[in-house]
Amino acid sequence: MVQRDFFQDVHDVVRLIPPGRVTSYGAIAAYLGAKAGARTVGWAMMAGHSVPDLACHRVVNRLGMLTGKHHFGSPDAMQQALEAEGVPVEDDRITDFAQRFWDPAKELG
DNA sequence: TGTGTGACGGGCG
DNA sequence: TCGCCCGCCACAC
């Protein structure tokens with residue numbers, strides 16, 4: 001494997017998340033081989049602010065909470081983006097997170 | 001090289 | 001589910 005930035009890998013996985021689906025930081029971290037590095041994934045998201053194609057709104061914590069909404073332009077931007085894709089959000093939380101959950105390690109192999 | 005940091009996750013109650 | 005504590009990883013300086 002090429003010495004690729006961890007951020008690049010994270011962004012790459014996020015790009016593969018199908019519309020209407022969501023995943024967690026831990027899932028991405030696990031897929032990249034750093035299951036304990038979920039925090040780093042979140043860090044990569046923030047760093048990904050310079051990446052326009054990055055659908056960071058599809059990435060939430062393990063409980064399906066929109067913990068990163070505050071890092072968007074507006075606190076409601078994340079929720080609106082999700083609802084626009086058909087993902088119901090209530091009280092900063094994805095109601096049917098279990099069904100909407102998209103595991104990269106499982107979907108991508 | 002060491003230190004600080006962060007959009008997390010797991011265990012416990 | 002939430003709050004608290006602790007451990008983990010990668011990056012910037």
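**Salt bridges and DNA contacts**

Colleague: Which residue does Arg93 form a salt bridge with?

Modeller: Asp91, and the closest N and O atoms of the two are 3.6 Å apart. Keep in mind that this is a predicted model.

Colleague: OK. Is Asp91 buried or exposed?

Modeller: Asp91 counts as exposed, because its relative accessibility of 58% is over the 50% cut-off. Arg93 is partly exposed, at 37%.

Colleague: And how many salt bridges are there by this rule?

Modeller: The count comes to four. Another one to look at is Glu85 with Arg58, where the closest N and O atoms are 2.7 Å apart. That pair links distant parts of the chain, with the two positions 27 residues apart. Glu85 is in the loop between helix H4 (77–84) and helix H5 (97–100), while Arg58 is in the loop between helix H3 (38–47) and strand E2 (59–60).

Colleague: So what does Arg58 count as, buried or exposed?

Modeller: Buried, because its relative accessibility is 11% and the cut-off is under 20%. Its partner Glu85 comes out at 25%, so Glu85 is partly exposed.

Colleague: What does Lys69 pair with?

Modeller: Lys69 forms a salt bridge with Asp92, and their closest N and O atoms are 3.0 Å apart. This pair also links distant parts of the chain: Lys69 is in the loop between E2 and H4, Asp92 is in the loop between H4 and H5, and they are 23 residues apart. Lys69 is buried at 8% relative accessible area, whereas Asp92 is partly exposed at 30%.

Colleague: Switching to the DNA. Which residues are around DNA strand C?

Modeller: Phe6, Phe7, Ala36, Gly37, Arg39, Thr40, Leu63, Met65 and Arg93. So Arg93, the salt-bridge partner of Asp91, is on that list too.

Colleague: What does Arg93 reach on strand C?

Modeller: A phosphate oxygen, which lies 3.2 Å from a polar side-chain atom of Arg93. As for the bases, an N or O atom in the Arg39 side chain is 3.0 Å from a base oxygen of DNA strand C. Ala36 uses a backbone N or O atom instead, 3.3 Å from a base oxygen of that strand. The elements giving two or more residues to this surface are helix H1 (6–15) and H3.

Colleague: How do the residues near strand C divide by type?

Modeller: Five nonpolar, two polar and two charged. On the DNA side, 64% of the strand C atoms within 4 Å of the protein belong to sugar or phosphate, and the rest to bases.

Colleague: And strand B, which residues come nearest?

Modeller: Tyr25, Arg39, Trp43, Asn61 and Arg62, out of the 18 residues around DNA strand B. Sugar and phosphate make up 53% of the strand B atoms that come within 4 Å of the protein.

Colleague: Which element gives the largest share of that surface?

Modeller: H3, with seven residues. Helix H2 (25–31) supplies at least two, as does H3. By type, the surface near strand B has seven nonpolar, nine polar and two charged residues.

Colleague: What does His71 contact on strand B?

Modeller: A phosphate oxygen, 3.2 Å from a polar side-chain atom of His71. Thr67 has a side-chain N or O atom 3.4 Å from a phosphate oxygen of DNA strand B. Met46 goes for a base: one of its backbone N or O atoms lies 3.4 Å from a base nitrogen of that strand.

Key:
Residues numbered from 1 in each chain as written. Chains lettered and ligands numbered in written order. Predicted model: local features only at pLDDT ≥ 70, side-chain atom pairs only at ≥ 80, totals over all residues. Heavy atoms only, no water. Salt bridge = Lys/Arg side-chain N within 4 Å of Asp/Glu carboxyl O. Helix = DSSP H or I, 4+ residues; strand = E, 2+ residues; numbered from the N terminus. Buried < 20%, exposed > 50% of the residue type's maximum accessible area, 1.4 Å probe, protein only. Near = heavy atom within 4 Å. Polar contact = N/O pair within 3.5 Å; in protein donor to acceptor, adjacent residues only side chain to side chain. Nonpolar A, V, L, I, M, F, W, Y, C, P; charged D, E, K, R; others polar.
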